[in-house]
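User: I am new to this structure. Please take a close look at its pocket lining, and then at the parts that surround it.

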Amino acid sequence: MPENLTMEEGALIEPWTVGVYAVERSRITVGQKCVIIGAGAVGVMVFLAARLAGAVDICVVDISKPKLELISKVGDCKTILASRDCKETARSIEECLGGKPDVAFDASCTAPGITTAIYVIQYFYCKIIWPPQGIEPKITRVTTG
């Protein structure tokens with residue numbers, strides 16, 4: 001790490017690069033709507049990158065109220081506290097955005113997060129960051145509808 005970076009700044013490099021890469025791969029364009037599932041470090045960086053790419057209506061979903069409160073302070077976005085029922089969360093996302101989002105990002109790396117994204121979107125982007133041992137990370141674009 002360069003000597004002129006603090007440890008705190010250095011710790012943000014990986015989540016930022018993951019967020020930028022995810023947004024670039026999604027091909028989100030100016031004026032589109034998106035949902036980000038997961039409001040941790042990577043989710044925040046995806047949010048910032050999506051906003052810079054021109055997304056106008058962004059909904060962030062998480063199971064943690066404090067994380068949702070924090071991301072609301074970072075920038076203008078809508079938030080949803082995830083339900084245990086993935087279909088119910090997907091319906092809440094559609095209500096929040098006034099329809100299906102153009103792009104969904106999973107930053108939770110959880111089965112419920114991925115399942116919710118698949119229920120709510122026509123095109124789904126997923127980056128598995130910490131795959132189970134022996135499984136190669138893959139980037140997937142799935143047409144669901």
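Analyst: Helices here are DSSP runs of H or I with at least four residues, strands are runs of E with at least two, and both are numbered from the N terminus. The model is predicted, so local features need pLDDT of at least 70, side-chain atom pairs count only at pLDDT 80 or more, and totals for chains, interfaces and linings use all residues. Residues are numbered from 1 along each chain as its sequence is written, and side-chain values use heavy atoms, with hydrogens and water left out.

Start with the layout. The protein has 5 helices and 6 strands. Along the sequence they run α-β-α-β-α-β-α-β-α-β-β. Of its 145 residues, 39% are buried (under 20% relative accessible area; over 50% is exposed, and in between is partly exposed, with a 1.4 Å probe and protein chains only).

Now the pocket. The largest one holds about 350 Å³ of space. The residues that line this pocket number 19, and the closest to its centre are Ile-63, Ala-82, Ser-108, Thr-110 and Gly-113. A pocket is found on a 1 Å grid over the protein atoms alone: it is an open set of points with protein on both sides within 12 Å along at least five of seven lines, whereas in a cavity a 1.4 Å probe fits but cannot get out, and lining residues have an atom within 4 Å of a point. The points are joined across faces, edges and corners, and the volume is the space filled by probe spheres set on them.

What is the lining made of? Its residues divide into 8 nonpolar, 8 polar and 3 charged (Ala, Val, Leu, Ile, Met, Phe, Trp, Tyr, Cys and Pro are nonpolar, Asp, Glu, Lys and Arg are charged, and the others, Gly among them, are polar). Three elements each give at least two residues to it: β2 (57-62), α4 (86-97) and α5 (111-120). Helix α5 gives the most, with 3 residues.

So look hard at α5. Its buried residues are Gly-113, Thr-116, Ala-117 and Val-120. These four sit on the same side of α5, because they cover an arc of only 100 degrees around the axis (taken over the directions from the helix axis to the C-beta atoms). An α-helix has 3.6 residues a turn, so residues three or four places apart point the same way.

The N-terminal end of α5 has a cap. Thr-110 supplies it: a side-chain oxygen lies 3.0 Å from the backbone nitrogen of Gly-113. Both Thr-110 and Gly-113 are among the residues closest to the pocket centre. Thr-116 lies within α5. Its relative accessible area is 6%, so Thr-116 counts as buried. Its side chain reaches the backbone oxygen of Pro-112 at 2.8 Å. Such a polar contact is a pair of N or O atoms within 3.5 Å; within protein, one must be able to donate a hydrogen and the other to accept it, and residues adjacent in sequence count only if both atoms are side-chain atoms.

Step back along the chain to Cys-109. It lies in the loop between β4 (103-106) and α5. Its phi is near 55 degrees, positive in a residue other than glycine. Most residues other than glycine have a negative phi. Cys-109 is partly exposed, because its relative accessibility is 32%. Arg-27 also has a positive phi, near 60 degrees. Arg-27 sits in the loop between α1 and β1. With a relative accessible area of 64%, Arg-27 is exposed.

Helix α4, another supplier of the lining, contains Thr-89. Thr-89 is buried, because its relative accessible area is 3%. The side chain of Thr-89 reaches the backbone nitrogen of Ser-83 at 2.9 Å.

Next, the cysteines. How many disulfides does a search of the whole structure find? It finds 0, where a disulfide is a pair of cysteine sulfur atoms within 2.5 Å. Take Cys-59: the closest cysteine sulfur, in Cys-96, is 3.5 Å away from its own, so the two are too far apart for a bond. Cys-59 is buried, because its relative accessibility is 0%. Cys-86 is buried too, at 15%.

Last, two spots elsewhere. Gly-31 is in the loop between α1 and β1 (33-37). At a relative accessible area of 41%, Gly-31 is partly exposed. Gly-31 and Gly-54 are 23 residues apart in sequence, with their C-alpha atoms 6.0 Å apart in space. Ala-11 belongs to helix α1 (residues 7-26). Ala-11 is exposed, because its relative accessibility is 52%. Its C-alpha atom is 9.9 Å from that of Ala-41, 30 residues away along the chain.
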